[in-house]
Amino acid sequence: MKIEGLGPLVAEHPFFAGMDPAALEIVVGCCANEVFKPGAYLYRQGEPADKFYLVRDGLVAIEIYVPGRPPIAVETVEAGEIIGWSWLTPPFKWSNDARAADTVRAISIDGACLRTKMENDRTLGYEIYKRFMPIMARRLLQNRIRIVELATEPGGGE
Amino acid sequence: MTPGIGSKSVFSSDGLATLVSILRNQGYRVIAPHYDGVAVAYAEIETAADLPQGWSDEAEGGKVRYSKSDSPSRFATSQGVQGWKRYLYPPRQLLFSAERAGSGFRVVEPKNKEAPMAFLGVRSCELRAIAIQDHLFSQNGFAEPGYLGRRRGALIIAVECSRAVSTCFCASADGPEIEAGFDLKLNELASGDYLAEAGSEKGLVLLAHLILRDPDKAELAEAAGQAEAAKAGQSRQLDPEAKDLLARNLESGRWRKVAERCLTCGNCTMVCPTCFCTTVEDVTDLTGTHAERWRSWDSCFTIDYAHIAGGSLRQEASARYRQWITHKLSTWHGQFGSSGCVGCGRCIAWCPVGIDITEEVAAIRAEDRGPQKGEAS
Amino acid sequence: MDGHPLSHGLPPDPMLPRQFRIAKVKAEVPGVFTWHLTPLDGGGFAYQAGQFNMLYVFGVGEVPISISGDPRDGSKLIHTIRVAGSVTKVMAKMKAGEVVGVRGPFGRPWPIEAAYGSDVIFVTGTIGLAPLRPLIHEVLHQREQFGKVVICYGSRGTGDILYEDDLHHWRGRFDVNVHVTVHSAPAGYRGRVGSVAAAVRVARITGDSTTAFVCRSESMTKPAVDALHERGVTSDRIWVTLERNMRCGVGLCGHCQFGPTFMCKDGPVYRFDEIEPLFSVREV
């Protein structure tokens, strides 16, 4: 599924900075250009996780559905960041909704397709994991700090 | 004879009794060392007979012992349990009272009806402690009028030390010689007489009431040797670079070690003559129409001292001990231009577990790695 | 005794309060309210942005509260108060017409001149906007002295955004960028969700010519400073305000000490590089 012109867009996204061009070409082979209107879902909680997104423009909200109340937005992802890691780990199902808070331009990368390629090309696999790890570590740390903030800052409804 | 400021004269043992009664007749409360059955502390006396004649003391970490002999000496004990801050900055001070009036209230400043005080028997370490508190309570824009008012009316009669107890280390802190800061300075001689020197007009006027004679050479030599003897009697020493040493060792493991022994009882802050921390309490009577604001002594060792919404900022005893010692020996310099420690050693003697401030600094020195790159040495 | 500190007259007692009437009580977000105070004696009450007063409730106690009004408005003294302890609990029940005691203003103010000629970014959250609002007012009064002006504000949710009217008003100005971030929001919310540090990371400022004014709780100050560092704002251009137990406000009780400083007179505003080494030492 080669899409002309996507290569440079993928290469310029911060996530793939410095990636070996040959590996990059494999990735591009799994890419598609996407646009989401405000309020549209990128993916839904519980559904099979088969993509991840390079956010090029706009704001994406991570919303979580819990029974007994309306869903709740817990984080937004900015342009220049990536969203979606459930495609990397069993059970390969989305753990939350991802919804466009405004008009979102993104590049989706076919996770199922890329997973197979990573399994066969361990170097490619390592390059992808190497980029995911720091992002997830950072998000984990930031969320821990948010827990500290919510535990220590005053706020209504305590 | 008519002495001038700085010149020396001698009065007899009886002259001291005369001095006390003159002061009382002039309306002074005379505060002096007094043995109260347990220890020698500074208390109001009525006559010279209330002085601890014949009493001497010895001190070690966590231990103070008094003994009596037939000696005519009235000033053979070292320092009183607490310094003079008990009188200059009392443990409880009424800051104001207020009465409800209409929708508001009327604030009434307390009238200072306290009689002026004459301090008899102020030691070298205590003179320096008073000077330190004079300075910290008269900061520009942040002065304490209660202390300054009491201080202004106070008359200081210093007595030079001729001995030291083992907890003394004033030689590391500009002592034990007394050169300034007094209205009258006395050296108690072996004969029971007193070598006297006026340091101010107030002191001169006082001396003029007494029968004085010129000192002889022997008496002058005896007096001159007293501070030397007090210095020689000191075995403890405070590291002269404590200020920077502590500043660069805030994360030393030593703090945890001392915390294993420290009870955070705060005794050290109560007996230290320069500690000045207080808290403020607002109270009201049962009718709710009369309110008072009181200031009372507080200690950085209490867990609530550094309490803000969310809890206490210094939970660990190690942090609180560190706060006390680094304030006293290090950050005091940045705040007030000098060390906060006068080397009196009371904190060592009155610590129930005998923690020794000089030993703690020495322990920090032993593991110090020296100034790091980029730090001031 | 010439030159001796006692050779001049006794200074006035800084522990005596001045009476102010509560002219108005305004509910803000849950647990937070604002007082408009006017002096009983009809006199003035000058202060600078960043300073605080000790507010006294007859017979109950005194607490340090930042001043939250426009320093150029001499008609009312504004304090926004959060219920946090025994004194503020009583304050929350007081009504217009009642009288409180005020001592102050105390503390080192925000140094507005330090930001002249640079971009300005305010980083704050929850009730932190209260001590910062006087500075925002003053910056906007002198708008031409600064480059870009960005306000980053964070709260728990959309229901506890402090001074929402002011934020809307500032957002409406073409020369101010306002970013509000909440920790959670109803699904479909169109704004930023996360920590306020995330907004700092994407703020439109030029790092090396920006002055930052941070007003957060001490635990949240470090993440805000880290985000500013990531944007190239150095510690000597970051100003923070901290908080300590204050019993007197005038450098006498000793409680507010932070390293060698007395927070009531050397702070509560600090330039971050001045205190950076202390910040990393536990329980100092």
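**Close-ups of a predicted model**

**View 1. Helices α3(A) and α4(A) cross obliquely.** In this predicted model, α3(A) and α4(A) sit oblique to each other, because their angle of about 120° falls outside the 65 to 115 window for roughly perpendicular and isn't over 145 either. Helix α3 covers residues 111–120 of chain A and helix α4 covers residues 122–152 of chain A, and their axes are 5 Å apart. On the α3(A) side, look for Lys117(A), Met118(A) and Glu119(A); on the α4(A) side, the contact is made by Leu124(A), Gly125(A) and Ile128(A). Sorted by class, that gives three nonpolar residues, one polar and two charged.

**View 2. Chain B as a whole.** Here's the full fold of chain B, with its 12 helices and 17 strands. The radius of gyration of chain B comes out at 22 Å, close to the 21 Å from the globule rule for 377 residues, so chain B is as compact as a globular protein of that length. If you're setting up a box, the C-alpha trace of chain B spans about 65 × 65 × 40 Å along its principal axes. Of the 377 residues in chain B, 45% are buried. Take the contacts in chain B with a separation of 6 or more: 71% of them link residues 24 or more positions apart.

**View 3. Two domains within chain B.** The domain assignment splits chain B into domain 1 (8–90 + 112–232) and domain 2 (242–275 + 300–366). Over C-alpha atoms, the centres of domain 1 and domain 2 of chain B are 28 Å apart. Where the two meet, domain 1 of chain B puts in 25 residues and domain 2 of chain B puts in 22 residues. Helix α3 (residues 124–136) of chain B gives the largest share of the domain 1 side, with eight residues. By class, that domain 1 side has 12 nonpolar, 10 polar and three charged residues.

**View 4. Where chain B meets chain C.** Now for the contact between the chains: 50 residues come from chain B and 39 residues from chain C. Strand β14 (residues 278–284) of chain B supplies the largest share of the chain B side, six residues. The class tally for the side of chain B that touches chain C is 22 nonpolar, 17 polar and 11 charged residues.

Technical notes:
Residues numbered from 1 in each chain as written. Chains lettered and ligands numbered in written order. Predicted model: local features only at pLDDT ≥ 70, side-chain atom pairs only at ≥ 80, totals over all residues. Axes fitted to C-alpha atoms, helices over the stretch in contact; angles between N-to-C directions. Helix = DSSP H or I, 4+ residues; strand = E, 2+ residues; numbered from the N terminus. Parallel < 35°, antiparallel > 145°, perpendicular 65-115°, else oblique. Contact = placed C-beta atoms within 7 Å. Nonpolar A, V, L, I, M, F, W, Y, C, P; charged D, E, K, R; others polar. Domains from an automatic or database assignment. Rg over C-alpha atoms; globule rule 2.2 N^0.38 Å. Buried ≥ 20, exposed ≤ 12 C-beta atoms within 10 Å, placed from the backbone.
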